Amino acid sequence: MRARDLAVKLPLVRLDDPVAKAVRVMADEGLPGLVIVDHKDIPRFVLRGTQVLRLLVSQYSDDPALARAVDEASADLFWSEVGARSIDDCLAPEEARRATVPRDATVLEVAITMSRLRTPIVAVVNDEGQIRGCITLNRLLTATELPEP
């Protein structure tokens, strides 16, 4: 089995999309993370779910005391304001990785890529580097024929 056989189409999220869209796509699709693409559909980053959450709280994440100082009414307002910021505005590039595999990668190569990069999702790309689908950890594990214990 090859990566192209496991890959599924998922909604694309772009660098200039609002953070709210990224969160909505991840939640609506039940995804463990997101592939962020550029305007040519070339994957730039793969973000785990916790990294997507960090996009929302990036301005408070380095100072927990600041977050404690925000009252509930202001916190509700915070969620609506932060969602309008773009992914590119909130993303710390050193935290994001580009997790891609070619369409002809084996299941073992996909598993090694996920393990090495500690990501629950990889982008499957064509020879030009454009996204052709994604493989989630759950999809990989359910496709792997492990012997019964």
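**Close-up 1: the hairpin of β2 and β3 in this predicted model.** Asp41 takes a positive phi, near 65 degrees, in this hairpin, where 5 residues sit between the strands. The strands themselves, β2 (residues 33-37) and β3 (residues 43-48), run antiparallel and are joined by 5 bridges. If you want a pair to zoom in on, try Val37, which stands opposite Pro43 in β3.

**Close-up 2: the two sides of helix α2 (residues 19-29).** Val19, Ala22, Val25 and Met26 are the helix's buried residues. They share one side of α2, because the arc they cover around the axis is only 130 degrees. That spacing fits the usual helix arithmetic: with 3.6 residues a turn, residues three or four places apart point the same way. Flip to the other side of α2 and you get Ala27 and Asp28, both exposed.

**Close-up 3: what comes after α2.** Right behind the helix sits Gly30, and its phi is positive too, near 65 degrees.

**Close-up 4: Thr113 and its neighbours.** Thr113 is part of helix α7, which spans residues 107-117. Its relative accessibility is 9%, so Thr113 counts as buried, the cut-off being under 20%. Leaving aside residues up to four places away in sequence, Thr113 touches Thr100, Val101 and Val122. Take Val101: 12 residues separate it from Thr113 in sequence, while the C-alpha to C-alpha distance is 7.7 Å.

Technical notes
Residues are numbered from 1 along each chain as its sequence is written. This is a predicted model: local features need pLDDT of at least 70, side-chain atom pairs count only at pLDDT 80 or more; totals for chains, interfaces and linings use all residues. Side-chain values use heavy atoms; hydrogens and water are left out. Helices (H or I, at least four residues) and strands (E, at least two) are DSSP runs, numbered from the N terminus. Buried means under 20% relative accessible area, exposed over 50%, partly exposed in between (1.4 Å probe, protein chains only). Contact means heavy atoms within 4.5 Å. Two strands pair if DSSP finds at least two bridges between them. The arc is that of the directions from the helix axis to the C-beta atoms.
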